[in-house]
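Biologist: I would like a close look at one part of this model. Please keep it brisk, then walk me outward from there.

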Amino acid sequence: MKHHSVEFKNLNSSLRRGVVSFFSAMALVLFATSVLQAASPDLRTTVPRGGQRGTEVKVAFTGTRLDGAKEVLFHQKGMSFKDLVVVADVVKAKAQAAFDLANKNAVAAAATIKADQAKKVAAAKAALDVAIKNDATTTPPTAAAKTKAQAAFDLAKKNAVAAEAATKAAQAKKVAAAKVALDKANKAPANKVEATLVIAPDCELGEHHIRLRTASGSSYARTFWVSQFATVEEVEPNDDFDKPQEIALNVTVEGAAKPEEVDYYRIKAKKGQRISVEVEGMRINDSKSGNIMIDPYVAILDDKRFELAVSDDSALLKQDSVTSIIAPKDGEYTIEVRDSAYQGRGRYRVHIGTFPRPLGVYPAGGKAGSEVEVTLLGDQKGDYKTKIKLPAEGQDTVNVFGAHEGQLPPSGNKIRVSKYDNILEKEPNNTSKEATPGAALPLAFNGILQEQGDTDYFKFTAKKGQKYRFRSYANKIGTAVDTVIYIYDAKGKQIGSNDDADGSSDSRLDFTAAADGEYVLRVRDMLDRGGKDFIYRIETEAPTPNVVVTMPEQIRRDSQFRKQFDVPKGNHFAMVVNVSRQNYSGELQFDLPKLPKGVTWEAGTIPANLSQFPIILHAAADAPVAGALYNLYVKNVDPKKPVRGMYKQDLDIIRGNPNNITYYSSPSNWLEVGVVEEAPFSISIDQPAVPIVRNGTMKLKIRAKRKEGFEKAILLRMLWRPPGIGCPSTMSIPAKANEVEYELNANATAELKTWKLTVIAEADAGKGLVTVAAPFTNLTVEEPYATMKINLATVKQGEKAEVICDLAQLRAFEGKAELKLFGLPANTEFKPIEITKDTKQVVIPVGTNAKTPVGKHKNIYGNLIVMKNKEPILHKLGMGGVFRVDPAPKKAVAKPAVAKKAAPAKKVVVAKAAPKKPLSRLEQLRLEAKKKLEAANK
């Protein structure tokens, strides 16, 4: 696995200020574009945002659709979790228990009061019985005692009924209140999960990627930060310099920045102690959460409020701040933390202590598998050295945590891992004559532009025709150099140069040796700046075969959307994968060596001419709901020439205006694959019984299988199309319907092959979109059976035209095929013509009337339907035919007759017949076609 690294997109200071101020107003708009895009969980942030290694931290995960949370997934080693609960479930359980208890208490109270009143009634009845008995045996009778006993008995019964009614009413109120609380709890969204994160003592410091996996899918990757120090929470108010929050040295304070607020922290230090401050601010917020972010600013102030050191941005951490001083005296010092424009809002973590804070590492890389001694530069107590063992393979960069005086910096300094030998500059090397000697390429040139105007030269040798790519690493590894590189030949002639490339201020230059011999590399800063930490590394890459594997953005400016394989049980899920071949051309194939239990994958061979291809995963009906992080590879088909690339993606953590650009991203090699709960529908494509032909169309029958009660509309999207195949971007299966026809069109260059085709289907299952895919179906593209030319046809309104079509039969077909004309103007009529495999020409009569539009109608074409396997194969032929309609001739108006005197008779002269006008070429063709048609009909 390649080590994760951090990359900021550079923005100038004034632009960032405007972005932060505008960001708050736009946050909800940006978030609204992604809400309810999937039923998978939307994890926005965690509180706290980090913890101390070697401890357990209770963390609240907040977002939406977090019900059914199962586990926390970690991209890096060193952390685990326990005691995960969905807070809404706990609240529901408590409300249910309270409701059940209220019902139980109501029954118990009713039983108790009933028994108690029954005793009272029984006692009154016994007293009445005694009074009645005494009344019967006493002379004279004691009627007064009997009457009194009867009244007491009646009162006891009345009181019993009233007491029972009052108890039932009181208990009913309690039950009703408990029911209201239960209903409220049941309706409450699952927007919070709590878990305890267990951070190992040797867990790497700094950024870690985590995901929350639920029964319905996995969330986007978010960050969690590990510190060597205990976390101290900010205590408000602490925005007064004279009343700061008192803290000890060597702690990590987690707080919140608000607009127009400054937070102050007071420490005590001894003279000569190092006081270092590093902020995780821009990096730890989530632009989609509404809390936005902060562009931090820190200052170290003495007791008189004099600024001893300040930091806004840094080459090492980009928009985050880092600074250090050596305490000039014993006493109190104040750390000021705020947004640089007083406008941002969000959480921050600030490390305050005596830790070392080197700003660069030299050399900035080493050979894979070797042990390298590096010098850490820029610390306030001076440079110091450490040794590091570089991994043999699988990582492009590693973090160097140089321990000093028993402490580590809060974040590492990145260095490169490559297969090249190091060349270290030897001063003076400011001219080509003083150039540091090198050797034959490939090499890695390392240097420091130590002062303003410094420039470095290196020599190297190359053979004629050798090709190398020179690539600089400075901005990408957190140094201040904006490199410009030049290459000269032995005579000092410049061969090439480059400033910026690949979206950063780092350089890239392709070089081909024109002859055997010695060449010179020159490196400088674009603005001729320099300094002790202006470190650079130039690697020379030979053109070796490689495959870069990514996935296309399906939503613009959202690199994580649908980059998880969440496969519903008993269903399918599909993705499109991008493959970029470098110094290699040939067929490729996928490789997923590990997958969750019950999950299989299918994909065809990726042709040499394609850079995108689909892959489908299937989860068995009995596959357990589970998920993890896996690797996806693409490799070449020929085992004798091994080429393999691993899937990578940039996790966009912070985006903002203008244009929702990336402020902060981290690369990852992991692909989340999981089995999720069943979807309420599945989708399938009927296997076409016939091929689609070039310049032809086909209607795919797509079917939905719905679970009982699910009736919503299902949106269909063709995830990937074979080359030359077109179709609508989306179609929909209407609510309650179960099928739709999805029309495909093949152009004249559609590749002749059998392709695997799928569609993805989306529907709202009640808590967001659920997405499934159809199993692959085979689509075969073939040559058409015929081509056709439509000759110019001319007609006058109200007359009948004959459209002559010349057919070229390319392949024989059985039986008869039907030919229809399309694109004719309104108010025309014709009948389809039947042809056979031997037909070379057809004449199609087309009738017009007085309303047929006049003019040239240039989009006439024919539809040829060839039947095979009882299914139609539809061709579009003769595209661009012309049908011209001229106005009907005007009728002459007869003048009234005028009586004339009879003229004398004249001798009649018989005129000779005029010579016959020769036929035009078009008339000749029509005549020939008519004769052929008459002969064929005899």
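Biologist: What does N695 count as, at 36% relative accessibility?

Modeller: This is a predicted model. N695 counts as partly exposed, because its relative accessibility is 36% and the partly exposed class runs between 20% and 50%. The residue sits in the loop between β49 (692–693) and β50 (696–706). Its backbone deserves a look too. Phi of N695 is near 60°, a positive value in a residue other than glycine.

E405 also has a positive phi, near 55°, and is not a glycine. Its loop runs between β25 (397–400) and β26 (413–418). With a relative accessible area of 55%, E405 is exposed.

Next, the cis peptide bonds. One runs from Y362 to P363, with omega near -5°. P363 lies in the loop between β21 (360–362) and β22 (365–367). Another cis bond joins L441 to P442, with omega near 10°. P442 belongs to the loop between β27 (421–424) and β28 (443–448).

Y362 leads on to T375. T375 is part of strand β23 (residues 371–377). It touches G360, V361 and Y362, and also D383, Y384 and K385, leaving aside residues up to four places away in sequence. The T375 side chain makes a polar contact with the side chain of K385, at 2.8 Å. T375 counts as buried, because its relative accessibility is 15%.

Now the rings. The structure holds 16 aromatic pairs. One of them joins F241 and Y264: the centres are 5.8 Å apart and the planes stand at 85°, so the pair is edge-to-face. F241 is in the loop between β11 (231–233) and β12 (245–246), and Y264 is in strand β14 (residues 262–269), so the pair ties together parts 23 residues apart in sequence. Both rings belong to buried residues.

F460 and F470 make a tilted pair, 5.4 Å centre to centre with 50° between the planes. F460 comes from strand β29 (residues 455–462) and F470 from strand β30 (residues 467–473), 10 residues apart. F460 and F470 are both buried. They also belong to one aromatic cluster, together with F445, F458, F511 and Y519.

Last, charges over rings. R266 lies over the face of F241, 5.4 Å from the ring centre. F241 thus has an arginine over its face as well as Y264 as its edge-to-face partner. R811 lies over the face of Y785, 4.1 Å from the ring centre.

Technical notes. Residues are numbered from 1 along each chain as its sequence is written. This is a predicted model: local features need pLDDT of at least 70, side-chain atom pairs count only at pLDDT 80 or more; totals for chains, interfaces and linings use all residues. Side-chain values use heavy atoms; hydrogens and water are left out. Helices (H or I, at least four residues) and strands (E, at least two) are DSSP runs, numbered from the N terminus. Buried means under 20% relative accessible area, exposed over 50%, partly exposed in between (1.4 Å probe, protein chains only). A polar contact is a pair of N or O atoms within 3.5 Å; within protein, one must be able to donate a hydrogen and the other to accept it, and residues adjacent in sequence count only if both atoms are side-chain atoms. Contact means heavy atoms within 4.5 Å. Rings of Phe, Tyr and Trp (its six-membered ring) pair if their centres lie within 6.5 Å; planes under 30 degrees apart count as stacked, over 60 as edge-to-face and the rest as tilted. A charge sits over a ring if NZ of Lys or CZ of Arg is within 6 Å of the ring centre and within 35 degrees of the ring normal.
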